[in-house]
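Please go through the helix contacts and the buried interior with me, taking one question at a time and giving the reasoning behind each answer.

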Amino acid sequence: MDRTARRDLGLLLLRVGTGSVLAAHGAQKLFGWFGGGGIAGTSQAMEAMGFRPGKHSAIAAGLGEAGGGTLLMLGLATPAAGAVAAGAMAGAVAVHAPAGFFNQSGGFEYPAFLGFTAAAIGLAGAGRYSLDQVTCHRVDQPWTLAAAFVGSALAAAAVIGKRVIDQAGEDGGNGGEGGGGDDR
């Protein structure tokens with residue numbers, strides 16, 4: 001097996017592994033599958049974490065994870081898929097950041113890893129074993145890459161910024177991390 005075929009096989013495995021984890025997390029949020037809370041339970045959790053309105057936040061997070069993950073698995077619209085999944089994980093990182101880095105203490109290690117991996121796949125491309133290849137890269141263009149990552153970064157910054165402002169208001173403006181528990 002030549003180097004190019006190995007690279008493409010590695011990208012396939014990385015896409016399927018990362019995409020399936022993200023899609024499963026999104027399915028928990030959207031449908032209650034795999035022990036998840038579904039829209040109702042996730043909406044309550046989002047409210048408790050300071051994301052308002054909770055239902056809109058639950059739907060956005062679920063679609064970002066399930067949609068981005070599914071597209072990554074398929075290798076379709078890979079730049080957009082990676083950007084959307086990375087943006088969704090930025091919100092999770094914001095929730096877990098006060099607990100430090102390591103996952104064992106509730107930190108942001110795991111969502112950061114998923115976000116960086118999704119972003120890297122979006123930047124690298126899906127490889128030959130993908131629907132992007134089958135469709136002659138119609139939705140994997142340089143402009144798609146730029147638009148997807150800029151749009152996702154702006155959306156994540158707006159959502160996280162609103163959460164910070166809302167929480168500061170709940171804490172009486174003293175800038176603390178109040179406003180619900182870290183249930184994510």
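Q: In which helix is the place of Thr 78?
A: In this predicted model, Thr 78 touches residues such as Leu 72, Ile 121 and Asp 132, leaving aside those up to four places away in sequence. The helix that holds Thr 78 itself is H4.

Q: Is Thr 78 buried or exposed?
A: Among the contacts of Thr 78 are also Gly 122, Gly 125 and Ala 126. Burial requires a relative accessible area under 20%, and the value for Thr 78 is 0%, so Thr 78 is buried.

Q: Which helix supplies the largest share of the largest nonpolar core?
A: The largest nonpolar core has 9 residues, namely Leu 22, Leu 72, Ala 81, Ala 85, Ala 88, Met 89, Leu 114, Ala 118 and Ile 121. At least two residues of this core come from each of helix H4 (78-96) and helix H5 (109-124). The largest share, 4 residues, comes from H4.

Q: Which residues does Leu 72 touch, not counting residues up to four places away in sequence?
A: Leu 72 belongs to the largest nonpolar core, as do Leu 22, Ala 81, Ala 85, Ala 118 and Ile 121, and these five are among its contacts. With that sequence limit applied, the full list for Leu 72 is Arg 15, Gly 19, Leu 22, Thr 78, Ala 81, Gly 82, Ala 85, Ala 118 and Ile 121.

Q: How are H1 and H3 oriented to each other?
A: The axes of helix H1 (residues 3-31) and helix H3 (residues 54-74) come within 7 Å and cross at roughly 155°, and the crossing is left-handed. The contact includes Gly 19, Ala 23 and Gly 26 of H1 and Gly 62, Ala 66 and Gly 69 of H3, and by class it has 13 nonpolar, 7 polar and 3 charged residues. Angles over 145 degrees count as roughly antiparallel, so H1 and H3 are roughly antiparallel.

Q: How are H1 and H5 oriented to each other?
A: The axes of H1 and H5 come within 10 Å, with a crossing of roughly 130° that is left-handed. An angle between 115 and 145 degrees falls into the remaining class, and H1 and H5 are therefore oblique.

Q: How many nonpolar, polar and charged residues make up the contact of H1 with H5?
A: From H1, the residues that meet H5 are Leu 11, Leu 14, Arg 15, Thr 18, Val 21, Leu 22 and His 25. Their partners in H5 are Tyr 110, Leu 114, Thr 117, Ala 118, Ile 121 and Ala 124. By class, these residues divide into 9 nonpolar, 3 polar and 1 charged.

Key. Residues are numbered from 1 along each chain as its sequence is written. This is a predicted model: local features need pLDDT of at least 70, side-chain atom pairs count only at pLDDT 80 or more; totals for chains, interfaces and linings use all residues. Side-chain values use heavy atoms; hydrogens and water are left out. Axes are lines fitted to C-alpha atoms, for helices over the stretch in contact, and angles run from 0 to 180 degrees between N-to-C directions. Angles under 35 degrees count as roughly parallel, over 145 as roughly antiparallel, 65 to 115 as roughly perpendicular and the rest as oblique. A crossing is left-handed if the near helix is turned anticlockwise from the far one by less than a right angle, and right-handed if clockwise. Contact means heavy atoms within 4.5 Å. Ala, Val, Leu, Ile, Met, Phe, Trp, Tyr, Cys and Pro count as nonpolar, Asp, Glu, Lys and Arg as charged, and the others, Gly among them, as polar. A nonpolar core is a set of buried Ala, Val, Leu, Ile, Met, Phe, Trp, Tyr and Cys residues joined through side-chain atoms within 4.5 Å. Buried means under 20% relative accessible area, exposed over 50%, partly exposed in between (1.4 Å probe, protein chains only).
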